[in-house]
Amino acid sequence: MSEIGPSGTRRSVPSGTPWDAVVGYSRAVRVGPHIAVAGTTATDADGNVVAPGDAYAQTAVAIGKIEAALVELGAGLADVVRTRLFVTDIGQWEAVGRAHREAFGDIRPAATMVEVVRLIAEGLVVEIEADAVVLDRG
């Protein structure tokens, strides 16, 4: 996690995958109450695809990784205000939606699902971004 700023604190969480250094990005970045979570896929620490081709399982894994990054930055799924879901087969929207509902059913963030041609690795069928706002709980 890094802290930067005279204008405020910027904290980030690495993805823990080989792409951090190659692309130059973080899994999530928090500035003040705002957290942006980068596109998150169902890959392990070595970049291997988890549950190749399984839209439901990949959505659940990606949301779990998003939740872990949020927790590290002092937030949780309840703080998520928007998700963006990128899928390679819009015909799998119900499986993706089911996993999303299981995580966000009572939270109901603004959500967008878009079909894309392909994702960064063979076998990946879902990538998710999230934005969160951490309000003063005091």
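Is Arg 108 buried or exposed, and what is its relative accessibility? In this predicted model, Arg 108 counts as exposed because its relative accessibility is 71%, and exposed residues are those over 50%. This report treats such local features alongside the helix α2 and the nonpolar core.

**Helix α2**

Helix α2 covers residues 55–72, which makes 18 residues. At 1.5 Å a residue the helix should span 26 Å, and its end C-alpha atoms are indeed 26 Å apart, so expectation and model agree. At the N-terminal end, Asp 54 acts as a cap: one of its side-chain oxygens lies 3.2 Å from the backbone nitrogen of Tyr 56. After the helix comes Gly 74, whose phi is positive, near 80°.

Many residues of the helix are buried, including Ala 55, Ala 57, Gln 58, Thr 59, Ala 62 and Ile 63. Lys 65, Ile 66, Ala 69 and Leu 70 are also among the buried residues of α2. An α-helix has 3.6 residues a turn, so residues three or four places apart point the same way. The cover over the buried residues of α2 includes the strands β2 (10–13), β3 (28–31), β4 (34–40), β5 (80–87) and β7 (126–133), together with the helix α3 (93–104).

Tyr 56 also takes part in a contact of another kind: the charged end of Arg 98 sits over the ring of Tyr 56, 4.1 Å from its centre. A search of the whole structure for aromatic pairs, by contrast, finds zero.

**The nonpolar core**

The largest nonpolar core has 25 residues, of which Ile 35, Val 37, Leu 70, Val 126 and Ile 128 touch the most other members. At least two residues of this core come from each of β4, α2, β5, α3 and β7. Helix α2 gives the most, with six residues.

What does Val 126 contact, leaving aside its neighbours within four places in sequence? Its contacts include Ala 55, Gln 58 and Thr 59. Thr 40, Thr 41, Phe 86, Val 87, Val 96 and Leu 119 are also in contact with Val 126.

**Residues in loops and strands**

Most residues other than glycine have a negative phi. Two residues with a positive phi that are not glycine are set out below.

| Residue | Phi | Location | Relative accessibility |
|---|---|---|---|
| Ala 51 | near 55° | loop between β4 and α2 | 27% |
| Arg 108 | near 50° | loop between α3 and β6 (110–115) | 71% |

Ala 51 counts as partly exposed because its relative accessibility is 27%, a value between the limits of 20% and 50%.

Thr 43 is likewise placed in the loop between β4 and α2. Thr 43 is buried, because its relative accessible area is 5%, and buried means under 20%. Not counting residues up to four places away in sequence, Thr 43 touches Thr 17, Trp 19, Asn 48, Val 49, Val 50, Lys 65 and Leu 124.

Arg 82 belongs to strand β5. With 28% relative accessibility, Arg 82 counts as partly exposed. Beyond residues up to four places away in sequence, Arg 82 touches Pro 109, Ala 110, Thr 112, Glu 129, Ala 130 and Asp 131. With one of these, Thr 112, the side chain of Arg 82 makes a polar contact through the side chain of Thr 112, at 3.4 Å. Val 125 lies 43 residues from Arg 82 along the chain, and the C-alpha atoms of the two are separated by 20 Å.

Terms used. Residues are numbered from 1 along each chain as its sequence is written. This is a predicted model: local features need pLDDT of at least 70, side-chain atom pairs count only at pLDDT 80 or more; totals for chains, interfaces and linings use all residues. Side-chain values use heavy atoms; hydrogens and water are left out. Helices (H or I, at least four residues) and strands (E, at least two) are DSSP runs, numbered from the N terminus. The expected span of a helix is 1.5 Å times one less than its number of residues. Buried means under 20% relative accessible area, exposed over 50%, partly exposed in between (1.4 Å probe, protein chains only). Contact means heavy atoms within 4.5 Å. A polar contact is a pair of N or O atoms within 3.5 Å; within protein, one must be able to donate a hydrogen and the other to accept it, and residues adjacent in sequence count only if both atoms are side-chain atoms. A nonpolar core is a set of buried Ala, Val, Leu, Ile, Met, Phe, Trp, Tyr and Cys residues joined through side-chain atoms within 4.5 Å. Rings of Phe, Tyr and Trp (its six-membered ring) pair if their centres lie within 6.5 Å; planes under 30 degrees apart count as stacked, over 60 as edge-to-face and the rest as tilted. A charge sits over a ring if NZ of Lys or CZ of Arg is within 6 Å of the ring centre and within 35 degrees of the ring normal.
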